[in-house]
Amino acid sequence: MRCSVSIITAFAAVGTFALPAAVLPRQHSDDHSHDAAAAAWDEGATHDFVIHESCNSTEMIQLRKGLADAVILADHAKHHILRYGNSSDHYRKYFGDAPSGEAIGHYERVINGDKGNALFRCDNPDGNCEQPEWGGHWRGENATNETVICPLSYSTRRPLEQLCAMGYTVAESESNTYFGSDLLHRLYHMPAFGENYVDHFAETYAEALELAQTNSSYATHDSDTLQYFALDVYAYDIAVPGVGCPGTVTVEASSMEEPASSAMATSMDAHSSPSHAPEPVTPVSAGAANGVTSAPQNCHTHADGELHCE
């Protein structure tokens, strides 16, 4: 009997020690203050593009759609690189063997960068919209953070949904055919997005391909190359899957190349082995690539005769 009592007592003791400690409910008294502190770092951020009151309702609608298209182009370009790194045919065609992080960052800046220091306006404060064939311009020293979109853009730029339609090709058509690609280019001229680092190092599509093979470290922050890559991968991956609308181009030999061959025919699907050139590339400005001295302020003439106004 005494033995039984001892056993029962022992089990009772074991049971007592085996019971889990009571779990107290988590205190939430400071949750709201914690959330407020966590959110404070982003206070005052501007997540949407800012459009000036000079734009009427129609212009504002088109501008918002064009800027949304620019973000779509940048977003897909970024995701294409994240998926394939610097190994995809498209990447190596436009950026050679350069590491992919820089190009990703320039696209991400357009997608998620603060937009408070960039203003799009529709009036004509500098009088430049009176110039024939001006679709817009960066205001430069007059207002570093402002870009003017002239009336011509609203009547000529196409929506992204028409990419590859009506005979368009990336190599042979104007890169500003679509409002989204035109605005992507213009965004990089503004310090809030290009940070005075994205610049013009190639003047034509052929030169952009050449830059990738001869000096890829500049290709990843060349404004035209970033624009062409975004158009090409969106066309191939999304608009006309597996086909795209690359077009063809003849790349002429230039002083940037060491080989003595006079020219090489290159298609958008062709990719040569990339290499770095040790020589730095000077940004192209105001028609310098063609010896043009009469281009208006904040403009330069491309090799094909196109006047590009920033």
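Student: Helices are DSSP runs (H or I) of at least four residues and strands (E) are runs of at least two, numbered from the N terminus. With that settled, how many helices and strands does the chain have?

Tutor: The chain has 11 helices and eight strands. Keep in mind that this is a predicted model.

Student: Noted. And how much of the chain is buried?

Tutor: The chain has 310 residues, and 46% of them count as buried. Its accessible surface is about 16000 Å², with 54% of that belonging to carbon and sulfur atoms.

Student: What share of the contacts comes from residues 24 or more positions apart?

Tutor: Among contacts with a separation of 6 or more, 67% are between residues 24 or more positions apart.

Student: Let's zoom in on helix 7. How many of its residues are buried?

Tutor: Helix 7 is mostly covered, with 11 of its 11 residues buried. That list includes charged and polar names such as Asp182, His185 and Arg186, along with Leu183, Leu184 and Leu187.

Student: What does helix 3 do with helix 7, angle-wise?

Tutor: The axes of helix 3 (residues 57–84) and helix 7 cross at roughly 80° and come within 7 Å. The two helices are therefore roughly perpendicular to each other.

Student: Which residues meet there?

Tutor: From helix 3 you have Gln62, Leu63, Gly66, Leu67, Asp69, Ala70, Leu73 and Ala74. From helix 7 they meet Phe179, Gly180, Ser181, Leu183, Leu184 and Leu187.

Student: And helix 5, at what angle does it pack on helix 7?

Tutor: Helix 5 (residues 101–112) and helix 7 (residues 179–189) pack at about 100°, and their axes are 11 Å apart. Since 65 to 115 degrees counts as roughly perpendicular, helix 5 is roughly perpendicular to helix 7. On the helix 5 side the contact uses His106, Tyr107 and Val110, and on the helix 7 side Leu184, Leu187 and Tyr188. Leu184 and Leu187 also appear in the helix 3 contact.

Student: Switching to aromatics. How many pairs are there?

Tutor: A search of the whole structure gives 12 aromatic pairs. Take Phe95 and Phe229: the ring centres are 5.0 Å apart and the planes are at 50°, so this pair is tilted.

Student: Where do those two sit?

Tutor: Phe95 is in helix 4 (residues 89–95) and Phe229 in helix 11 (residues 223–239), so the pair ties together parts that are 134 residues apart in sequence.

Student: Are they buried or exposed?

Tutor: Buried. Phe95 has 0% relative accessibility, and Phe229 has a relative accessible area of 0%.

Student: How are Tyr205 and Tyr228 arranged?

Tutor: Tyr205 and Tyr228 are edge-to-face, 4.8 Å centre to centre with 90° between the planes. Tyr205 lies in helix 9 (residues 205–214) and Tyr228 in helix 11, so this pair ties together parts 23 residues apart in sequence. Tyr205 and Tyr228 are buried.

Student: Which residues make up the aromatic cluster?

Tutor: Tyr91, Tyr94, Phe95, Tyr107, Tyr205, Tyr228 and Phe229 form one cluster. Tyr107 also takes part in the contact between helix 5 and helix 7.

Student: Which ring has the charged end of Lys115 over it?

Tutor: That is Phe49, and the charged end of Lys115 sits 5.1 Å from the ring centre.

Student: What about Asp48, where is it?

Tutor: Asp48 is in the loop between helix 2 (31–40) and strand 1 (50–51). With a relative accessible area of 59%, Asp48 is exposed. Its C-alpha is 7.9 Å from that of Gly116, although 68 residues separate them in sequence.

Student: Now backbone oddities. What phi does Cys164 have?

Tutor: Cys164 has a positive phi of about 80°, although it is not a glycine. Cys164 lies in the loop between helix 6 (151–156) and helix 7. At 18% relative accessibility it counts as buried, because the cut-off is under 20%.

Student: And Asn196, what is its phi?

Tutor: Asn196 has a positive phi of about 55° and is not a glycine either. Asn196 is in the loop between helix 8 (191–194) and helix 9, and it is exposed at 66% relative accessible area.

Student: Last one: what is Thr147 in contact with?

Tutor: Thr147 is in strand 4 (residues 146–149) and is buried at 0% relative accessibility. Leaving aside neighbours within four places in sequence, its contacts are Leu119, Phe120, Arg121, His137, Trp138, Arg186 and Met190. Arg186 is one of the buried residues of helix 7.

Notes
Residues numbered from 1 in each chain as written. Predicted model: local features only at pLDDT ≥ 70, side-chain atom pairs only at ≥ 80, totals over all residues. Heavy atoms only, no water. Phe/Tyr/Trp six-rings, centres within 6.5 Å; stacked < 30°, edge-to-face > 60°. Buried < 20%, exposed > 50% of the residue type's maximum accessible area, 1.4 Å probe, protein only. Lys NZ or Arg CZ within 6 Å of the ring centre and 35° of its normal. Contact = heavy atoms within 4.5 Å. Areas by Shrake-Rupley, 256 points an atom, 1.4 Å probe, with all protein chains shown as cover. Axes fitted to C-alpha atoms, helices over the stretch in contact; angles between N-to-C directions. Parallel < 35°, antiparallel > 145°, perpendicular 65-115°, else oblique.
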